[in-house]
Amino acid sequence: MLQISLWKRILIWCTVALGLLLAAPNLFYGQVERYNDAQTVGQPGEGWVDFLPSGLVNLGLDLRGGAHLLAEVKVDEVYATRMKGLWPDVRTRLRDARDTVGTIRLQQGPADELRVRISNPEAMSEAMSIVREISRPVVSLTGAGQSDLDVRSEDDVLIVSLSEAERIATDDRTVRQSLEIIRRRIDEVGTREPTIQRQGADRILIQVPGVGSAEELKAIIGTTAQLTFQPVIRRTSDDQTVARAGEEVLPSMDEEGQFYVLEDTPVVTGEELVDAEPSFDQNGRPAVSFRFNPGGARKFGDYTANNIGNPFAIVLDDEVISAPVIQSHIAGGSGIITGNFTVEESTNLAVLLRAGALPAGLDFLEERTIGPELGADSIQAGKIACIVAGVAVLVFMFASYGLFGIFANIALVLNVGLIFGLLSLVGATLTLPGIAGIVLTIGMAVDANVLVFERIREELRSAKGPARAIEQGYERALSAIIDANITTFIIAVILFVLGSGPVRGFSVTLGIGIMTSVFTAIWVTRLLIVTWFERARPKQIEV
C-alpha cells in the first residue's frame, strides 16, 4: 500500500508554504527601485506586511534598466607611482656610499623609470649592486624566482625600472584591486546586484541596474580618490612654474590661479586610512574626518612634530584641497579635511576614501544608459511566453493523463512559485535569459511526472492493483528521474562557473528549476495522488 508518514506530509506542505511565502512579496512589487533611494530599494510596495519576508527577485540590467560601462585601467600610472616611491630608499642607500659613488642627483626621464646621476662613473657597478639590494622576488606564478627591478646604466646615469615579469604581475594586481575597489564603492551606496567583471588583460565591465544614468555611475567609480599628504615647498600664482626633479606643481582646488610646489614623495597616503566619515568643522562647514592605521599614524605624528610652523598640503587626485600650517604635534593619527564642500560632496568623498583609492585611473571606452522601458517590454514578453508555455503544458497533461494530469498541473503551478521563492531567498538577479530558463523549466518540469505516469501504465497492464501500480511506478521511475536531472544540473553548474552575464542568468534559473521540479514531481505530486487515493479508494484507475 502507498504510505507517506505524517511527519513527511507536514514537512512537504511546510516547504511548499515557505516557498510561496518567500515568493509572495514579488506580487506587491508596486514601487520603482531607484538609485541610492533607501526607502524603496529592494522592498515590496504598499499592502505588504512588514514582519513577513520582504526579499524580492532582483531585476537585471536588461529588465530594469541602468548603466553599462566598459573601462580600461591605466596600468602605466602604477609604474610611475612605484618609481616615485622607490626614490627615497635609493637616495638613502647611495648617500651612505657617497665616498665611493660620489654625489647623486635625480634626473628627469620617462615616468616609468628612475634615473640617478652619480659623479663617479667608475663606481657605477657598485652603485648598481647597492640598488639591486632593494629588489625583491616577483610575487606571481609566472615570474617566480625573478627580480622585480631591472637596474642598468647609461654613462654616468643609473636607471631603475620594473622588470618585465614584475610589470605583468603588477598589471594583474592592479586590475584585481580595481575590481575590488569598484565593487566596494558601489556597495557603499547600496546599489543591488551589480555585474563587475574583468574583460581581457586590463578592462573591466560594469553593469549596475537601477542607476539613472552612466554619468551617475561614473561619478562614484570614475574618481581615482588618490589622497596624499605632502610637504609644501612654496606657493605661487605663476602657472608656468616648472617643477625640478623630486618636485611637482599642483593647482589649488578652492583658489583659482593658485598653485603649490610640493615634494612629490608623500609623507602619508590614503592607503593608510582606516576610516573616513562626513562631519563638520568648528565653523559648522561640511568636512571629512579621517583616521590612519598605526603605521600611518606614526609617520603623520612624527612629521607634524618635526615640522611645526610649516605648511602641509592635503592632495586629492592631483589637486590641493588645503594646505594648513602645522600648529602643533598631531598625535593619534586622526584629523579633518576641510574645503569648500557641500554636504553631498563631503559624503561622497568619505565614501571614496573609505572604499579605498583606485590604484590607477580609468578610461571609459564604452558607456550606455539603458532605460526601463526596454526592460518593461522584455518583462511583458517574458510573461506572455511563460503563460503560453504554461497553458500548453497544462492542457497537454490533462488531455494525456486525466485526473493524474491535474495533479501534475497543480505541482507545476507550485513549482513556479517555489522557483521565485528561492530566487528571492538567495537574492538572485533575474535577467532575460533567466526568464528563458524559467520557460524551459516549465516544459521540463512535467518530464518526471510523465516518466512516473507511463511506468504506472505499464504496471497496470501487468494486472497489478492500483495501489501496487502507483507504488511500483514511483519506485522504478525514481532512478531515471534522478539521473536525468543530475546531468542537467551539472551542466547548469558548469554554465554558472565558466559563463558570465546572460549565461549565468540562464544557469541560475535552470539550476533552481531543476531542484524544485524534482521536489514537486517526486513528493508533491505523489502526496496529492496518495491523499486522493486514501479518500477515494478506487478499485480501478485510469492514467
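Modeller: Two strands pair if DSSP finds at least two bridges between them. Helices (H or I, at least four residues) and strands (E, at least two) are DSSP runs, numbered from the N terminus. The model is predicted: local features need pLDDT of at least 70, side-chain atom pairs need 80 or more, and totals for chains, interfaces and linings use all residues. Numbering starts from 1 along each chain as its sequence is written, and side-chain values use heavy atoms, without hydrogens or water.

Colleague: Start with the whole protein. What share of its residues counts as buried?

Modeller: The protein has 15 helices and 19 strands. Buried means under 20% relative accessible area, exposed means over 50%, and partly exposed lies in between (1.4 Å probe, protein chains only). Of the 543 residues, the buried share is 46%.

Colleague: Among contacts between residues at least 6 apart in sequence, what share joins residues at least 24 apart?

Modeller: A contact means heavy atoms within 4.5 Å. Take the contacts between residues at least 6 apart in sequence; the share joining residues at least 24 apart is 69%.

Colleague: Now the sheet with β13, β14 and β17. Which residue of β17 is the bridge partner of F290?

Modeller: This open sheet has 3 strands in the order β13-β14-β17, paired antiparallel. Its edge strands, β13 (273–280) and β17 (334–338), each pair on one side only. β14 (residues 286–292) and β17 share 5 bridges. The partner of F290 in β17 is G335.

Colleague: T338 sits in that sheet too. What is its relative accessible area?

Modeller: T338 belongs to strand β17. Beyond its neighbours within four places in sequence, T338 contacts D281, A287, I321 and S322. T338 is called partly exposed because its relative accessible area is 26%.

Colleague: How far apart are the C-alpha atoms of T338 and P324?

Modeller: Along the chain, these two residues are 14 residues apart. In space, their C-alpha atoms are separated by 9.7 Å.

Colleague: S322 came up among the contacts of T338. Which residue of β15 stands opposite S322?

Modeller: S322 is in β16. Strands β15 (residues 312–316) and β16 (residues 319–322) run antiparallel, joined by 3 bridges. They form a hairpin with 2 residues between them, and D317 in the turn has a positive phi of about 50°. Opposite S322 stands I314.

Colleague: Next, the sheet of 4 strands. Which residue of β6 does L114 face?

Modeller: The open sheet runs β3-β4-β6-β5, with antiparallel pairing. The edge strands are β3 (104–107) and β5 (149–154). β4 (residues 113–118) and β6 (residues 157–162) are joined by 5 bridges. In β6, L114 stands opposite V160.

Colleague: Which helix lies across β3, β4, β5 and β6?

Modeller: Axes are lines fitted to C-alpha atoms, for helices over the stretch in contact, and angles run from 0 to 180 degrees between N-to-C directions. The helix covers residues 76–96 and runs at about 25° to β4. It is α3.

Colleague: Last, D264. How far away is the nearest side chain of opposite charge?

Modeller: D264 is in the loop between β11 (259–263) and β12 (268–269), and is buried without a salt bridge. A salt bridge needs a side-chain nitrogen of Lys or Arg within 4 Å of a carboxyl oxygen of Asp or Glu. Lys and Arg count as positive, Asp and Glu as negative; His and the chain ends are not counted. For D264 the nearest opposite charge is K84, at 5.0 Å.
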